[in-house]
Structures are given as C-alpha cells and as structure tokens.
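Work through the exercises below with the sequence and the 3D structure at hand. Each task is followed by a solution in steps.

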Amino acid sequence: MENIGQKYTARAHTNIALVKYWGKENEELIIPANSSISLTLDEFYTDTSVIFDSTLQQDMITINSEIVNDEKISKFLDIIRHKSGINLFAKVESINHVPNSAGLASSASAYAALATAGSKAAGLDLSDKELSMLARRGSGSATRSIFGGFAAWNKGTDDQTSYGYSIEDPVKMDINMIAIVLNNSPKKISSRLGMKISYETSPFYDSWIKQTNEDFETIQNAITNGDFSTLGQTAELNAMRMHSLTLSANPSYLYLNKDSLLVIEMVKGLRDKGIECYYTMDAGPNVKIICQKKNIKAIVDNLSNQFSQDQIKVSGPGEKVKLI
C-alpha cells in the first residue's frame with residue numbers, strides 16, 4: 001500500500017472500432033454481445049491524475065478544469081476501492097483531448113486512463129489484461145484502449161473472461177484515420193441507451209451478431225496478412241450494419257446527419273477516382289476515413305472544400321496506456 005497518498009497520472013488514447021460492439025448481454029458488468037476489433041489513435045487521448053486522500057470528505061472530480069458531480073465515476077472508483085481494500089475518497093483531474101460524447105470514443109480513453117492511474121494510486125499493480133477488465137466496468141470500449149495499435153475485446157461470458165488484448169502493436173500495416181468532426185456536442189441518445197434499444201427491439205439483431213462474428217475473423221486475418229483493402233471494405237460494411245440497427249429499433253433513432261452523408265458520398269467519389277479509402281462511424285455524426293499515408297493529402301484537400309481545417313484531424317496508430 002506504499003502508493004497510497006501519491007498522485008499518479010496516466011495517458012490513454014482513444015480507439016475506433018473496425019468491428020463494432022453494439023449491445024450488452026450484461027449491463028452491470030458490461031459484457032458485450034459480440035467480440036470487437038479496434039485501432040488505437042495517436043491524436044485523441046485523455047490525461048487523468050488520481051490521488052486517494054485521507055483528508056477528503058467526498059470524491060473531488062475535475063474534467064477539463066470544471067468540477068463535476070459524476071456518480072458514474074464515483075461508482076467506478078468504488079470498484080477500485082473494493083479491489084484494493086482502501087476506504088479513502090479520491091481527487092481526480094482529467095483533461096480530454098477528445099470531444100466528449102460525440103462518437104469519437106472519449107469514454108474509451110477516459111476510463112482506460114482512470115483505471116490505470118486509479119489502480120496505481122490505490123496500491124494495485126495490475127497486468128494489462130487486468131487493467132482492461134477494470135476499464136471495461138466504466139466503458140466497454142475502454143477495454144481496448146489499454147492497448148496500442150490493433151486491439152481486440154474478447155466477448156467472454158463473465159467478469160473474468162471478458163477482456164482486451166493486443167493483436168498487433170506496433171502496427172505494420174500502412175493505415176491512418178482522418179476524423180471529420182461534424183458536431184462535437186454530446187449526442188442526444190447516449191451509446192448506452194442506443195445499444196439497449198437496439199439489443200431489445202431490432203428484429204435484425206441476431207443477424208447482426210452472426211455477421212459481426214464473421215467480420216471479426218475477416219479483419220483479424222486482414223491484419224495478419226497486411227490486407228488493407230479487405231480491412232477497409234469490411235470495416236465500412238460493419239459500421240453501416242451497426243447503424244442499420246438504430247433505424248430498425250423501436251423507437252428508431254439516428255446518429256448520422258446530412259454532413260455525415262456528405263462525407264460518405266465524398267469517400268465513394270474519391271474511390272471512383274482511384275483514391276482508396278473507406279469510412280466508418282461510431283455512435284455519433286462524425287465520420288472517420290480509413291486510408292493509407294500516400295492518399296492523406298488528396299483526401300484532406302478534398303475535405304477542405306467543405307470543412308474547416310479545425311474539423312479535420314489526421315491520426316496514425318496510437319500507443320498503449322502509460323503512466324506519465
């Protein structure tokens with residue numbers, strides 16, 4: 001327990017799923033309905049500091065220099081307190097270099113960083129696998145943000161069998177992502193609620209699970225073989241199939257907006273011109289373009305006709321979580 005009373009700071013990068021997870025079999029433990037694969041990104045990250053302090057009367061949580069009363073974070077800290085056997089409140093300071101709740105996986109980097117800094121500050125020395133299991137309790141996608149490069153989240157059936165692992169880090173494939181930030185405001189329907197509605201009401205949900213399991217194998221093989229085209233094609237289809245679950249749910253809902261569709265058509269137009277690139281989207285209107293280094297300039301130049309430089313973020317593969 002020699003770490004108690006010391007402040008630890010961790011940096012975790014967000015990840016974008018190439019094979020999406022959309023729906024939970026267990027809401028409390030965040031056990032997903034399918035396994036997933038992602039690429040960790042270097043340009044989007046969260047820095048979080050944690051110290052457990054005997055003088056505090058309650059958890060003190062600051063996000064982007066603003067004091068917040070976040071019950072979810074306090075409940076996550078309760079899990080750390082239970083694991084470590086300490087009974088102290090914590091001071092948490094987090095800076096997000098990702099727009100919150102806008103479909104850019106801010107919760108992934110946030111909880112991966114919180115799990116890493118918080119567990120260390122509580123005197124725990126967790127392996128990457130154990131960190132991924134802890135981070136999962138805050139945000140499912142945070143399971144993968146413990147790892148750099150290509151990572152996966154094994155679905156599992158319970159707390160001990162649902163965990164993240166590295167597929168390839170550092171990344172050998174020539175792969176980059178261009179994020180177009182169309183709206184950086186929190187979305188009206190959270191990922192958590194959206195998943196629940198789709199899981200419970202979409203008549204196509206069983207087909208989605210079957211197809212996604214196939215997509216997992218396809219993309220895993222594409223990574224192994226360095227097959228950028230198969231990876232891009234499969235990721236694009238997988239994203240659109242996920243979004244079809246929002247339209248087929250009851251009540252139906254939609255994360256795409258008119259600018260999302262504009263970018264999608266732009267990507268298709270670039271492909272028609274021989275510039276290979278693919279799009280993917282998480283739960284939000286923002287579009288990510290999967291591309292190779294040689295095509296970044298042409299894609300950015302094309303996007304610049306419609307969007308400002310501030311809206312266009314180019315990212316390569318990111319590192320695993322680390323203490324800083």
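**Exercise 1: The surroundings of T48**

In this predicted model, the side chain of T48 makes a polar contact with the side chain of S94, at 2.9 Å. Task: find which strand holds T48, decide whether T48 is buried or exposed, and list its contacts beyond four places in sequence.

Solution.
- Step 1. T48 belongs to strand β4, which covers residues 36–53.
- Step 2. The relative accessibility of T48 is 1%. Buried means under 20%, so T48 counts as buried.
- Step 3. With neighbours within four places in sequence left aside, T48 is in contact with Y8, T9, A10, V92, E93, S94, A110, A113, L114 and A117.
- Step 4. For a distance along the chain, take I63, which is 15 residues from T48; their C-alpha atoms are 8.9 Å apart.

**Exercise 2: F52 in the strand of T48**

Task: state where F52 lies, whether it is buried or exposed, and which residues it contacts beyond four places in sequence.

Solution.
- Step 1. F52 lies in strand β4.
- Step 2. Its relative accessible area is 1%, so F52 is buried.
- Step 3. Apart from neighbours within four places in sequence, F52 contacts G5, L77, I80, R81, I86, L88, F89, A90, G118, A121 and A122.
- Step 4. F52 and E25 are 27 residues apart in sequence, and their C-alpha atoms are 33 Å apart in space.

**Exercise 3: Strand β1 and its partners**

Task: determine how many residues of β1 are buried and how many bridges join β1 to β4 and to β14.

Solution.
- Step 1. Strand β1 spans residues 8–19, and 11 of its 12 residues are buried, so the strand is largely enclosed by the rest of the structure.
- Step 2. β1 and β4 run antiparallel and are joined by 10 bridges. One pair to locate is A12 and its bridge partner in β4, T46.
- Step 3. β1 is also joined to β14 (residues 322–323) by 2 bridges, again with antiparallel strands. Here A10 stands opposite L323.

**Exercise 4: The nonpolar cores**

Task: name the residues of the largest nonpolar core that touch the most other members, and find which element gives the most to this core.

Solution.
- Step 1. The largest nonpolar core has 31 residues, and V50, F52, F76, L77, I80 and L114 touch the most other members.
- Step 2. Two or more residues come from each of β1, β4, α1 (71–84), β7 (89–96), α2 (106–121) and α3 (128–136).
- Step 3. The element that gives the most is α2, with 7 residues.
- Step 4. For L77, with residues up to four places away not counted, the residues touched are F52, D59, A90, V92 and L114.
- Step 5. A second, separate core has 24 residues, including L18, V19, L41 and F44.

**Exercise 5: An open sheet and its helices**

Task: give the strand order of the open sheet, name its edge strands, and place helices α8 and α9.

Solution.
- Step 1. The sheet has 4 strands in the order β11-β12-β10-β13, with antiparallel pairing.
- Step 2. The edge strands are β11 (277–281) and β13 (312–315), since each pairs on one side only.
- Step 3. Neighbouring strands are turned by 25° against each other on average, direction ignored.
- Step 4. β11 is joined to β12 (residues 287–291) by 5 bridges, and T280 has K288 in β12 as its bridge partner.
- Step 5. Helix α8 (residues 258–272) packs on the sheet and touches β10 (176–180), β11 and β12; its direction makes about 160° with that of β11.
- Step 6. Helix α9 (residues 296–303) lies across β10, β11, β12 and β13 and runs at about 5° to β10.

Key. Residues numbered from 1 in each chain as written. Predicted model: local features only at pLDDT ≥ 70, side-chain atom pairs only at ≥ 80, totals over all residues. Heavy atoms only, no water. Pairing = 2+ DSSP bridges. Axes fitted to C-alpha atoms, helices over the stretch in contact; angles between N-to-C directions. Contact = heavy atoms within 4.5 Å. Buried < 20%, exposed > 50% of the residue type's maximum accessible area, 1.4 Å probe, protein only. Polar contact = N/O pair within 3.5 Å; in protein donor to acceptor, adjacent residues only side chain to side chain. Core = buried A, V, L, I, M, F, W, Y, C linked by side-chain atoms within 4.5 Å.
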